[in-house]
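Please open the model in your viewer and keep the selection panel at hand. The tour below goes from one selection to the next and says what is found at each stop.

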Amino acid sequence: MIYPHEDDIRRHVPCRMIIDAITRSDANTLAVIGADSQAAFDIEAVAKVRKLEHVITCRRNPDKGAILAQYVRAKLGIDASLAVPETTVPQADIVVTVTPSTEQVLDEVWIREGTHISAMVRTISGSESFRSHCLSGRA
């Protein structure tokens with residue numbers, strides 16, 4: 001797994017700007033669904049604009065999720081753990097999906113009012129991390 005170099009983080013300025021502009025200023029818990037190098041980029045980008053107290057990684061392969069959590073603790077000094085989306089998303093102030101999943105990874109009942117969602121979807125035929133109806137009547 002390759003983790004971000006400072007030059008790569010700069011490429012995430014738009015993500016940082018959006019999160020800074022529209023996420024609650026007291027948002028301090030980040031859930032990341034997916035755990036490849038893109039997830040590490042996004043965690044560092046969010047950490048630049050929000051004082052994160054906890055990052056929760058969600059990954060089908062728990063070994064890779066644990067590696068990402070360890071990276072967050074060591075590199076960023078932020079408490080990090082591994083969990084499943086159905087217990088993670090309700091705790092999170094910010095949710096980032098970084099997955100090519102062809103199955104829905106977010107359920108509307110997990111999303112609480114005021115939660116910011118950044119859904120990074122790779123352009124793969126059939127890729128769908130959540131359905132837009134999940135956001136109806138939300139924040």
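What follows is a walk through a predicted model, with the nonpolar cores visited before the salt bridges.

Begin by selecting Leu-30, Val-32, Ile-43, Val-55, Val-72 and Ile-94, which are the residues with the most contacts inside the largest nonpolar core, a set of 19 residues. Then colour strand E1 (29-33), helix H3 (37-49), helix H4 (62-76) and strand E4 (94-99), since these are the elements that each give two or more residues to this core. A second, separate core has 11 residues, and selecting Ala-31, Val-89, Val-105 and Trp-110 will show you some of its members.

Return now to Val-55 and display its surroundings: leaving aside residues up to four places away in sequence, Val-55 touches Leu-30, Val-32, Ile-43 and Val-72, and also Ile-78, Asp-79, Ala-80 and Ser-81.

For the last stop, select Arg-24, Asp-26, Asp-93 and Arg-112, which are linked in a network of salt bridges. Asp-93 counts as buried because its relative accessibility is 6%, under the 20% cut-off. From Asp-93, one salt bridge goes to Arg-24, with the closest N and O atoms 2.8 Å apart; this pair joins the loop between helix H5 (85-88) and E4 to the loop between helix H2 (13-22) and E1, across 69 residues of chain. Another salt bridge connects Asp-93 with Arg-112 at 2.9 Å, N to O, and these partners lie 19 residues apart, Arg-112 being in the loop between E4 and strand E5 (116-121). Finally, Arg-24 also meets Asp-26 in a salt bridge, at 3.0 Å from N to O.

How values were computed:
Residues numbered from 1 in each chain as written. Predicted model: local features only at pLDDT ≥ 70, side-chain atom pairs only at ≥ 80, totals over all residues. Heavy atoms only, no water. Core = buried A, V, L, I, M, F, W, Y, C linked by side-chain atoms within 4.5 Å. Buried < 20%, exposed > 50% of the residue type's maximum accessible area, 1.4 Å probe, protein only. Helix = DSSP H or I, 4+ residues; strand = E, 2+ residues; numbered from the N terminus. Contact = heavy atoms within 4.5 Å. Salt bridge = Lys/Arg side-chain N within 4 Å of Asp/Glu carboxyl O.
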